[in-house]
Amino acid sequence: MTAGAVARVATDVGGTFTDLACFRSDPDRRKIEIFTANSDTTPPEFERGMLDLLDRANIDLARVDFLAHGTAVAINAITERNGAKVGLVATEGFRGTLEIGRGSRPDSFYLYYRKPRPFVPRSLRRELPGRMSNRGVETRPPDIAPLAGIVEGFRRDVVEAIALCFLHSYANPDHELMAAAEVRRLWRDEPVICSCDISREWREYERTNTTVLSGYVQPGAASNLKRLESGLAERGFSGSPYVTQSNRGIDSLDAASRRPVALIESGPASGIWGAAELGKLIGDRNVLALDIGGTTAKCSLVESGSVKIITDHWGEKDRKSAGYPVTVPVVDLVETGNGGGSIARVDGFQKLHVGPRSAGAVPGPAAYGRGGPNATTIDANLWLGRINRERFQRARKGIHISTPGDG
């Protein structure tokens, strides 16, 4: 980096690749340079690939005045079902909310329909006496005495996060906060997630599922963001790094660690926003944005240059599944667990399936030559000639930096 230069850096850690874009200028901002770089993602220490990329791209973090980080860690954990083991504490009589869900289904005539499987099995759901009305008036005082036994049971079951979602806590969170304080006193080692801190909207199933998903991704996401912040500080970054959220906004790493469900569409949200801005530049304000990553594929419609934000997002929804509700602000998009690294398999009935499990970056698709034994979408496209073999081989040799005028 040129002496005295000031830089703005954006990074995105996907399931397969880690990407970087750097905008740097002289102190007077009269001359601006833009360059990009990418390398393999490094699971499970996702931050290591990003930090290595910053080092190898020769970016002096002491001269970076803004750094924003996008991550697919949360959504990939959900898609591939490799998140934390969550225990749920609900109002007495309501631990079945996750299973009951909603009666609606995408295809009324599909006779083999099955409701989406809850992220917390019934054996890890507990109940606590106490009741609030829908107006936030206490109708039955809480009894937190059973929490000691509940927490001890979760310890035996090796639970990694505890989610609390009480009836009508969106109107009055007192019971939930009281229970959370007691759980934290009894168990200081694992995260405790309250629905009142995640979503203050009505509808118990949607709010419960959102809280559970936040607990499902929190241990991994919080650990990753903490190591990232430490690594940036060690390299001389003195500012406050930000992480992009599902609503196109940014937040501090500390706040995002406490509410990681807001990161489930962190990377895709920024990509769709970028597509909308590109559309404005070229005079096309109506854009269909398609983002195919290594693990998932995302699509969103941009109308009149505006990216739509919703609070009733349903992940993994398709013609056979109602999906999973997420009641936090999210860019309106459709997502499926089928990306470039998605693994193909044949079931016992000789039926082909692709995804949602991904080969990731290590060992990656078979074509990477790193010992990956599974055929993926990338392998199929290479074999069919849809991907240029020569360019693919060059791209697999490590970090690549491009600047304007490279061609």
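Q: How much area does the protein chain expose, and what share of it do carbon and sulfur atoms supply?
A: The protein chain exposes about 20,500 Å², by the Shrake-Rupley method with a 1.4 Å probe, where for residues only the protein chains shown count as cover. This is a predicted model, in which local features need pLDDT of at least 70, side-chain atom pairs count only at pLDDT 80 or more, and totals for chains, interfaces and linings use all residues. Residues are numbered from 1 along each chain as its sequence is written, and side-chain values use heavy atoms, with hydrogens and water left out. Of the exposed area, the share from carbon and sulfur atoms is 51%.

Q: What radius of gyration does the protein chain have?
A: The C-alpha atoms fill a box of roughly 70 × 55 × 45 Å along the principal axes. The radius of gyration is taken over C-alpha atoms, and the globule rule is 2.2 Å times the number of residues to the power 0.38. For 407 residues a compact globule would come near 22 Å, and the chain agrees with this at 23 Å.

Q: What percentage of the residues of the protein chain count as buried?
A: Buried means under 20% relative accessible area, exposed over 50%, and partly exposed in between (1.4 Å probe, protein chains only). Of the 407 residues, the buried share is 47%.

Q: What share of the contacts with a separation of 6 or more comes from residues 24 or more positions apart?
A: A contact means heavy atoms within 4.5 Å. Among contacts in the protein chain with a separation of 6 or more, residues 24 or more positions apart account for 64%.

Q: How far apart are the centres of the positive and negative side chains?
A: Lys and Arg count as positive and Asp and Glu as negative, while His and the chain ends are not counted. Each charge is placed at NZ of Lys, CZ of Arg, CG of Asp or CD of Glu. There are 53 positive and 49 negative side chains, and the distance between the centres of the two sets is 4 Å.

Q: Which residues of E13 and E19 stand opposite Lys-298 in E14?
A: Helices (H or I, at least four residues) and strands (E, at least two) are DSSP runs numbered from the N terminus, and two strands pair if DSSP finds at least two bridges between them. E14 (residues 297-302) pairs in the antiparallel sense with E13 (residues 287-292) over six bridges, and with E19 (residues 334-336) over three bridges, again antiparallel. E13 and E14 form a hairpin with four residues between them. The partner of Lys-298 in E13 is Asp-291, and in E19 the partner is Glu-335.

Q: Which residue in the hairpin of E20 and E21 takes a positive phi?
A: E20 (residues 342-346) and E21 (residues 352-358) run antiparallel and are joined by four bridges, with Val-346 partnered by Leu-352. Five residues lie between the strands, and the one with phi near 60° is Gln-350.

Q: Which residue follows Gly-355 across a cis peptide bond?
A: Most residues other than glycine have a negative phi, and most peptide bonds are trans. Here omega is about 0° at the bond from Gly-355. The other residue of this bond has its place in strand E21 and is Pro-356.

Q: Where does Val-158 stand, buried or exposed?
A: Val-158 has a positive phi near 55° and sits in the loop between helix H4 (147-156) and strand E9 (161-165). Arg-81, with phi near 60°, is in the loop between helix H2 (73-80) and strand E5 (86-91) and is partly exposed at 38% relative accessible area. Val-158 has a relative accessibility of 57%, so the residue counts as exposed.

Q: What distance separates the C-alpha atoms of Ser-195 and Pro-173?
A: Ser-195 belongs to helix H6 (residues 195-198) and counts as buried because its relative accessibility is 0%. Beyond four places in sequence, Ser-195 touches residues including Leu-164, Glu-176 and Arg-207. Pro-173 is 22 residues away along the chain, and the C-alpha separation is 8.7 Å.

Q: What distance separates the C-alpha atoms of Leu-167 and Phe-154?
A: Leu-167 lies in the loop between E9 and helix H5 (174-186) and is buried at 8% relative accessibility. Leaving aside neighbours within four places, the contacts of Leu-167 include Thr-91, Phe-94 and Arg-207. Phe-154 is 13 residues away along the chain, and the C-alpha separation is 21 Å.
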